[in-house]
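Q: I'm new to reading protein structures and would love a close look at one part of this one. Could you walk me through how some of its helices pack against each other, and then show me the spaces inside?

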Amino acid sequence: MKLQRKNRRALALGVLAASGALALTACGSDNNSGKDGGDSSSSAAAAPGSVKCDSAKGQLQASGSSAQKNAIDAWVKQYGQACKDVQINYNPTGSGAGITAFLQGQTAFAGSDSPLKPEEIEQSKKVCSGGQAIDLPMVGGPIAVGFNVPGVDSLTLDPATIAKIFNGKITNWNDEAIKKLNPSAKLPDLKIQAFHRSDESGTTDNFTKYLIATAKSDWPYSGGKAWQAKGGQSAQGSSGLAQQVKQTSGAISYFELSYASDGIKTVDLKTGAATPAKATVENATKAIASAQVVGTGQDMALKLNYEPKEDGAYPLTLVTYEIACDKGNKADTLPAVKSFLSYIASEDGQKQLTSASYAPIPDEIITKVRSTISGLS
C-alpha cells in the first residue's frame, strides 16, 4: 500500500480510449456480459420495481477493478431492463488505473479491490467539490489459487508453501514441501510456472496481504498493488492470468473465483481448522463476516481477517469497493450514479452475486452502504 503508482498519467489517458474497453450498454442485451456473470443473471433477475431509475439518464463512465467485471456484467444487464435511458461504460483496467482515472475527474465512480490511501482521499477533494471520495464495499469473494498440474485434481497448500512458490523458492511440483501436504497425489517432475499480474491490481494487493499476514518470513515484501517479487511470469488482468493457467502445463496463479471456470482447478488452503478450506462463495462469506469497518465518517473501508478461526472459513478473500464522492458529484451524472449504486447494493442486486461466484456483503455492512448512497450529493 505504500508503493507509489507508476505511470499514473499514462494509465489515466488510456482508461477510456483503450481498445479493450468494456462498453456495457444498459439495454438488456444478451451479449454484453462476461463469461461468468451474464448467464447467471437470468436466474437471479431483479424483481419488478426493485430498480429505481428516478431521473437517471445519459452515459456513465466508470473503470477499475477487473475482479468485479463479471458482477458488473450481470448488474448492468438487469439494470438496463429498467433504466433504458442510461448507458454504463465500465472499463476493467485494474484498481490502480481506475483510481487514477477517478482522481483526475475522468470517471463518475471507480472500482477498487483495496480501499483508498490517505493521500488519495486528500487528492480526491480536488475532484469532489466540498467533499471527498469514500469507499463503499460492494462485492466480496474468494481469491482462488488456480493450478494446472497434469494428473492432479486436488491440491492442498499452506501459506508458507504458496509464498515460496511465488517467491521462486519452490520451483518444481514434486518438491518435498508440496508432497508433504499432498501425500496421496501423484505429483509430476514438472517445473512450476507461477504467473502474477502485470498491471497494478487490488487482487495482487489482497493476495500479498494474505501472505504477509500468514507467512511473513517467506514473503519479505511490503505489499501493494504492484507485484514486488522477482521472477515468475506476468499477464494482464484476472482474465489474463486465468487464461495462462488454463493453457500452460505446470501453471499456478491467483484470481477471483468467477474466473476459475472452464475446468480450472483451485487450491484448498490449509488453515488452523481440522480440514483445508475450499475456495467457495460460502466459505469466503464466513471469513468476510469477521471484517471490521476501519474507515471514518462516511467511508466504509474494511480490515479483513486473514486468519479466521471458524471451520471452513476461506481466508484468502477480497472486497471490491465502489469509490465515489460523498459530496460534489457532477450534476449530470449524480442521478445515474445514485440509481445504479443503489440497485447493486439492494437486496436484489446482492442476490445476483452468489450465482456469479461472488460473495454478498454481510447485512450489517451493506445496510450502512445503502444509507450512505442515498445521501450522495
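A: Here is a walk through one group of packed helices, followed by a look at a cavity and a pocket. Keep in mind as you read that this is a predicted model.

Let's start with helix H3, which covers residues 69-82, and helix H11, which covers residues 334-345. Their axes lie 10 Å apart, and the two helices pack at an angle of about 115 degrees. Angles from 65 to 115 degrees count as roughly perpendicular, so that is the word for how H3 sits relative to H11. The crossing of H3 past H11 is right-handed. Which residues make the contact? From H3 come Ile 72, Trp 75, Val 76, Gln 78 and Tyr 79, while H11 brings Ala 336, Ser 339, Phe 340, Tyr 343 and Ile 344. Sorted by class, this contact of H3 with H11 holds eight nonpolar and two polar residues, with no charged ones.

Now stay on H3 and turn to another partner, helix H12, made of residues 347-355. H3 and H12 pack at about 135 degrees, and their axes are 10 Å apart. That angle makes H3 and H12 oblique to each other. H3 passes H12 in a crossing that is right-handed. On the H3 side you can find Ala 71, Ala 74, Trp 75 and Gln 78, which meet Gly 349, Gln 350, Gln 352 and Leu 353 of H12. Try spotting Trp 75 and Gln 78 in the 3D view: they are in the contact of H3 with H11, and they also meet H12. The contact of H3 with H12 splits into four nonpolar and four polar residues, and no charged ones.

Next, follow H11 to helix H13, residues 363-374. Here the angle is about 165 degrees, again with axes 10 Å apart. Angles over 145 degrees count as roughly antiparallel, and so H11 is roughly antiparallel to H13. H11 crosses H13 in a left-handed way. Lys 338, Leu 341, Ser 342 and Ala 345 of H11 meet Ile 366, Val 369, Arg 370, Ile 373 and Ser 374 of H13. Five residues of this contact are nonpolar, two are polar and two are charged.

With the helices in view, let's move to the empty spaces. The whole structure has four cavities of 30 Å³ or more. The largest cavity holds about 100 Å³ of space. Its lining includes Phe 102, Gly 105, Val 127 and Cys 325, and Val 337 is there too. Since H11 runs over residues 334-345, you can look for Val 337 along that helix. By class, the lining of the largest cavity has five nonpolar residues, five polar and one charged.

Finally, there is the second largest pocket, with about 260 Å³ of space. It is lined by 16 residues, and those closest to its centre are Leu 116, Ile 121, Gly 295, Asp 299 and Ala 301. Helix H5 (118-124) and strand E13 (302-303) each give at least two residues to this lining. Eight of the pocket's lining residues are nonpolar, three are polar and five are charged.

Technical notes. Residues are numbered from 1 along each chain as its sequence is written. This is a predicted model: local features need pLDDT of at least 70, side-chain atom pairs count only at pLDDT 80 or more; totals for chains, interfaces and linings use all residues. Side-chain values use heavy atoms; hydrogens and water are left out. On a 1 Å grid over the protein atoms alone, a cavity is a set of points where a 1.4 Å probe fits but cannot get out, and a pocket is an open set with protein on both sides within 12 Å along at least five of seven lines; lining residues have an atom within 4 Å of a point. Grid points are joined across faces, edges and corners, and a volume is the space filled by probe spheres set on the points. Helices (H or I, at least four residues) and strands (E, at least two) are DSSP runs, numbered from the N terminus. Ala, Val, Leu, Ile, Met, Phe, Trp, Tyr, Cys and Pro count as nonpolar, Asp, Glu, Lys and Arg as charged, and the others, Gly among them, as polar. Axes are lines fitted to C-alpha atoms, for helices over the stretch in contact, and angles run from 0 to 180 degrees between N-to-C directions. Angles under 35 degrees count as roughly parallel, over 145 as roughly antiparallel, 65 to 115 as roughly perpendicular and the rest as oblique. A crossing is left-handed if the near helix is turned anticlockwise from the far one by less than a right angle, and right-handed if clockwise. Contact means heavy atoms within 4.5 Å.
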